[in-house]
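Visitor: Could you walk me through this one slowly? I am new to reading structures.
Guide: Gladly, and here is what we will be looking at.

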There are 2 protein chains.
Amino acid sequence: MITVYGYSSSGNCHKLRLLLTQLEREFKWVEVDSTAGATRTPEYLAKNPNGKVPMIETDDGRILTESNAILCWLAEGTPFWAGDAFARAQVLSWLFFEQYSHEPYVAVARFIRGWTQLDSPRRASLPQLRERGNQALAVMEQHLKSHEWFNGDAYGIADIALFAYTAVADEGGFDLSAFPAVQAWIERVRQTPHFVAMPAPPVEVLSRLALPD
Amino acid sequence: MITVYGYSSSGNCHKLRLLLTQLEREFKWVEVDSTAGATRTPEYLAKNPNGKVPMIETDDGRILTESNAILCWLAEGTPFWAGDAFARAQVLSWLFFEQYSHEPYVAVARFIRGWTQLDSPRRASLPQLRERGNQALAVMEQHLKSHEWFNGDAYGIADIALFAYTAVADEGGFDLSAFPAVQAWIERVRQTPHFVAMPAPPVEVLSRLALPD
C-alpha cells in the first residue's frame with residue numbers, strides 16, 4: 001500500500017488523493033502540516049531533503065517526491081496517462097506548465113491570502129501574482145476553446161494537476177468569470193467518476209480567505 | 001528532422017541542443033531572441049500561447065513546449081531516460097525539482113544580472129534568489145555525496161536539465177566552491193561523449209555579468 005505524506009489543504013497534495021481515489025486504490029494518508037514546520041524536521045528531511053509535501057513511500061521503503069512526478073508514476077499503465085510517446089509528452093508539457101507558469105502564481109496568491117498574517121509584507125506581491133496567474137489562466141482558456149481536456153482526448157493527470165489550484169483560484173483573489181471555458185472544465189472535472197473535493201482549510205485560514213486583500 | 005526554436009544563451013534551450021547533439025540527431029535551430037520580444041509575436045504565440053522558448057516542431061507540424069517535457073520525448077527509448085517505471089519517475093522528480101526549486105532562483109538571478117539594466121528594480125531580489133538557489137544547490141550536493149548522477153545509475157536527462165543552469169550559476173552570483181560534489185559532477189558532465197557547451201551570451205550581457213551586483 002502507498003503512504004502519502006501530505007497537507008490536506010494543499011492543492012499539490014490533493015492531486016494525489018484525487019488520482020488515488022479515482023483509481024480506486026487503497027492508500028494511507030499521513031497528515032504533515034507544512035505550514036507549521038513539519039516538513040523541516042530531521043526525520044522528514046531524511047526522507048525528502050527538499051522539505052516539501054507531497055511525498056509517497058512504498059511498503060518496501062522507496063520514496064518519491066514532486067506531486068506531478070508522483071501522478072505520472074501512479075498513472076503509469078492506466079487511462080489517466082495513455083497514448084503514444086508524443087501524447088504522453090504533451091501531458092508532461094502541461095504538468096511542467098502547471099508547476100512553472102501556474103502554481104507559483106495561482107497557488108502562492110492563495111497561500112499568502114490564507115496562510116500569512118494580515119500584516120505580512122508578502123501581501124504586497126499579490127497584484128503581480130494575479131497578473132501572472134491570469135496569464136496562465138488565459139493560456140488554459142485558449143486551449144479549452146477547442147479541447148475538452150488537457151490530457152488529450154480524455155480526462156487524466158494533466159487535468160488533475162491543473163484542476164488542483166484552479167478550482168480554488170478564487171481563494172487567491174482570482175476572478176474566474178473572465179474564463180468561462182475554464183469554469184465549464186472545472187465543472188466537467190467535478191463530474192468525473194469517484195471525484196473527491198479538496199478538504200476545507202482550517203477555520204482561521206478560511207476566515208482570512210474571506211477578507212478582502 | 002526536428003526544428004528547435006530557442007535562444008542560445010538560455011539554459012532551458014541549451015538542454016535540447018545538448019541532448020540532440022549527444023543523441024547524434026540532426027536538428028535545425030531557429031534562433032528566437034526571447035529577451036527582445038520574439039516569443040510575443042502573433043506568429044510565435046499561434047504556435048505556443050505561453051510565449052516561451054524552447055519549443056520544437058516536427059516535420060509534420062506537431063508542436064511540443066516545455067524544455068523538460070521535450071527532453072523526455074527526445075530521450076524516449078534511449079539510455080538517457082531508461083529503467084523501470086519507478087526509475088523513470090525518479091528522473092521526472094528531478095526534472096520537476098529543477099523547474100520549481102532550482103531554475104526560478106539560479107537561472108533568474110543570472111537573467112537579472114545579465115539581461116536587465118544596471119538600475120533595474122528587479123536587482124533588489126538578488127539576495128533572496130541567492131538564498132533560495134543555494135537551498136537547491138544544497139539538495140543537489142547532498143544527493144551527489146552518495147550518487148554519481150541524478151538520472152539513476154548513468155548520465156541522462158535529469159543531469160542535462162540540472163546541468164544547464166548549474167554550470168553557469170556563477171553568472172548569477174552563486175559561489176559553487178561551497179558545493180564541491182556539484183563542482184565535480186559538472187566536470188563529469190563535461191566529459192560525457194559529444195558534450196557541447198552553451199554558447200556565450202551577447203557581449204553586452206557578458207559585460208554586465210562581469211560587474212559586481
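Visitor: Let's start with a helix. What does helix H3 of chain A lie across?
Guide: Helix H3, residues 67-75 of chain A, lies across S1, S3 and S4 of that chain and runs at about 125 degrees to S4(A). Helices (H or I, at least four residues) and strands (E, at least two) are DSSP runs, numbered from the N terminus. The angle is taken between N-to-C directions, from 0 to 180 degrees, with axes fitted as lines to C-alpha atoms, for helices over the stretch in contact, and contact means heavy atoms within 4.5 Å.

Visitor: Before I trust that, what kind of model is it, and how is everything numbered?
Guide: This is a predicted model, in which local features need pLDDT of at least 70 and side-chain atom pairs count only at pLDDT 80 or more, while totals for chains, interfaces and linings use all residues. Residues are numbered from 1 along each chain as its sequence is written, chains are lettered from A and ligands numbered from 1 in the order in which they are written, and side-chain values use heavy atoms, with hydrogens and water left out.

Visitor: What order do the strands of the chain A sheet have?
Guide: The open sheet of 4 strands in chain A has the order S2-S1-S3-S4, with mixed pairing, where two strands pair if DSSP finds at least two bridges between them. Strand S2 (27-31) and strand S4 (63-65) of chain A are at the edges with a single partner strand each, so one side of each has no neighbour in the sheet. Neighbouring strands are turned by 20 degrees against each other on average, direction ignored.

Visitor: How do S1 and S3 of chain A run, parallel or antiparallel?
Guide: Strand S1 (residues 2-6) and strand S3 (residues 55-57) of chain A run antiparallel and are joined by 3 bridges; A:Val4, for instance, has A:Ile56 in S3(A) as its bridge partner.

Visitor: Switching topic: how does chain B sit on chain A?
Guide: A turn of 180 degrees, with a shift of 0.0 Å along the axis, lays chain B on chain A with an RMSD of 0.0 Å, the superposition being by least squares on the C-alpha atoms of residues with pLDDT of at least 70 in both. The two copies are thus related as by a two-fold rotation axis. Of the residues of chain B, B:Tyr100 comes closest to that axis, its C-alpha being at 3.1 Å.

Visitor: And how much area do they bury between them?
Guide: Chain B and chain A bury about 3,000 Å² between them, 67% of it on carbon and sulfur atoms; buried area is the accessible area (1.4 Å probe) that two parts lose on being put together, summed over both. B:Phe86, B:Phe96 and B:Tyr100 supply 27% of the area that chain B buries against chain A, more than any other three residues.

Visitor: How many salt bridges cross that interface?
Guide: The rule finds 0 salt bridges across the interface of chain B and chain A, a salt bridge being a side-chain nitrogen of Lys or Arg within 4 Å of a carboxyl oxygen of Asp or Glu.

Visitor: Last one: where is the cis peptide bond in chain A?
Guide: The peptide bond from A:Val53 to A:Pro54 is cis, with omega near 0 degrees, and A:Pro54 is placed in the loop between helix H2 (42-47) and S3 of chain A. In chain B, a cis peptide bond joins B:Val53 and B:Pro54. For background, most peptide bonds are trans.
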